[in-house]
Amino acid sequence: MRVSEDASPSLAESLLYKLSYYRFGGMQSEFGKPAGYDRVRQEVVGKKDIELKYLEEAYTTERWLVRIYKVKKDVGLQPLCLERFRGLEKGCRVALDV
């Protein structure tokens, strides 16, 4: 799996990629390597300026092996009614943009 600039658009926009590499673009993980270098995959991450709209980082271990996120309290989300969830309302967009 490529995480560099050659990563597929669907991967780079996925929740997994965003949560894994959030704030990683500014990290210096190895001497002599550029910021955002992933030592396991041996390449620099492609998307370094990830912003989270609905989630915020709650805890990250020193070596970044465990990362915990929580839903932001004040993002102006409206609860979805059952009709909107089922897509009965015209123009309804159910998917959230992280």
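Colleague: Where is Asp-38 placed in the chain?

Modeller: In this predicted model, Asp-38 sits in strand E1, residues 37-38.

Colleague: Why is Asp-38 called buried?

Modeller: Its relative accessible area is 7%. Buried means under 20%. The value falls under that cut-off, so Asp-38 counts as buried.

Colleague: What makes Asp-38 and Arg-41 a salt bridge?

Modeller: The closest N and O atoms of Asp-38 and Arg-41 are 2.9 Å apart. The cut-off is 4 Å, from a side-chain nitrogen of Lys or Arg to a carboxyl oxygen of Asp or Glu. The pair is within it, so the name salt bridge applies. Side chains of opposite charge can pair when their charged atoms come close.

Colleague: Is Arg-41 buried or exposed, or in between?

Modeller: Arg-41 is partly exposed, at 36% relative accessible area. Partly exposed lies between the 20% and 50% cut-offs, so 36% fits that class.

Colleague: Which residues does Asp-38 contact, leaving aside neighbours within four places in sequence?

Modeller: Asp-38 is in contact with Val-3, Tyr-21, Phe-24 and Glu-43.

Colleague: Glu-43 has a salt bridge too. Which side chain does it meet?

Modeller: The side chain of Glu-43 meets that of Arg-2, at 3.1 Å from N to O. That pair links distant parts of the chain. Glu-43 lies in strand E2, residues 43-44. Arg-2 lies in the segment before helix H1, and the two are 41 residues apart.

Colleague: How do you know that Glu-43 is buried?

Modeller: Glu-43 has a relative accessible area of 10%. The limit is 20%, and 10% is under it, so Glu-43 is buried. Arg-2 has 46%, so the label there is partly exposed.

Colleague: What makes Arg-67 and Glu-57 a salt bridge?

Modeller: Their side chains meet at 2.9 Å, N to O. That is within the 4 Å cut-off, so the pair qualifies. This pair also links distant parts of the chain. Arg-67 is in strand E4, residues 67-71, and Glu-57 is in strand E3, 10 residues apart.

Colleague: Why is Arg-67 called buried?

Modeller: Arg-67 has 17% relative accessibility. Buried means under 20%, so Arg-67 counts as buried. Glu-57 has 23%, so Glu-57 is partly exposed.

Colleague: Which residues are joined into one network by salt bridges that share partners?

Modeller: Arg-2, Asp-6 and Glu-43 form that network. The structure holds eight salt bridges.

Colleague: How do you know that E3 and E4 pair?

Modeller: Five bridges join E3 to E4. Pairing needs at least two, so these strands pair. They run antiparallel. Leu-55 stands opposite Val-71 in E4. The hairpin has six residues between the strands, and in it Trp-64 takes a positive phi near 65 degrees.

Colleague: Which residues form the nonpolar patch on the surface?

Modeller: Tyr-59, Leu-65, Val-66 and Ile-68 form the patch. Together they have about 420 Å² of accessible area.

Colleague: What makes Tyr-59 exposed enough to belong to a patch?

Modeller: Tyr-59 has a relative accessible area of 46%. Patch residues need over 30%, so Tyr-59 passes that test. The place of Tyr-59 is in strand E3, residues 55-60.

Colleague: Finally, how many helices and strands does the chain have?

Modeller: The protein chain has three helices and four strands. Along the sequence the pattern is α-α-β-β-β-β-α. Of its 98 residues, 28% count as buried.

Key. Residues are numbered from 1 along each chain as its sequence is written. This is a predicted model: local features need pLDDT of at least 70, side-chain atom pairs count only at pLDDT 80 or more; totals for chains, interfaces and linings use all residues. Side-chain values use heavy atoms; hydrogens and water are left out. Patches are made of residues with over 30% relative accessible area and no salt bridge: like charges are joined within 9 Å, nonpolar side chains (Val, Leu, Ile, Met, Phe, Trp, Tyr) within 5 Å. Accessible areas come from the Shrake-Rupley method with a 1.4 Å probe; for residues, only the protein chains shown count as cover. Buried means under 20% relative accessible area, exposed over 50%, partly exposed in between (1.4 Å probe, protein chains only). Contact means heavy atoms within 4.5 Å.
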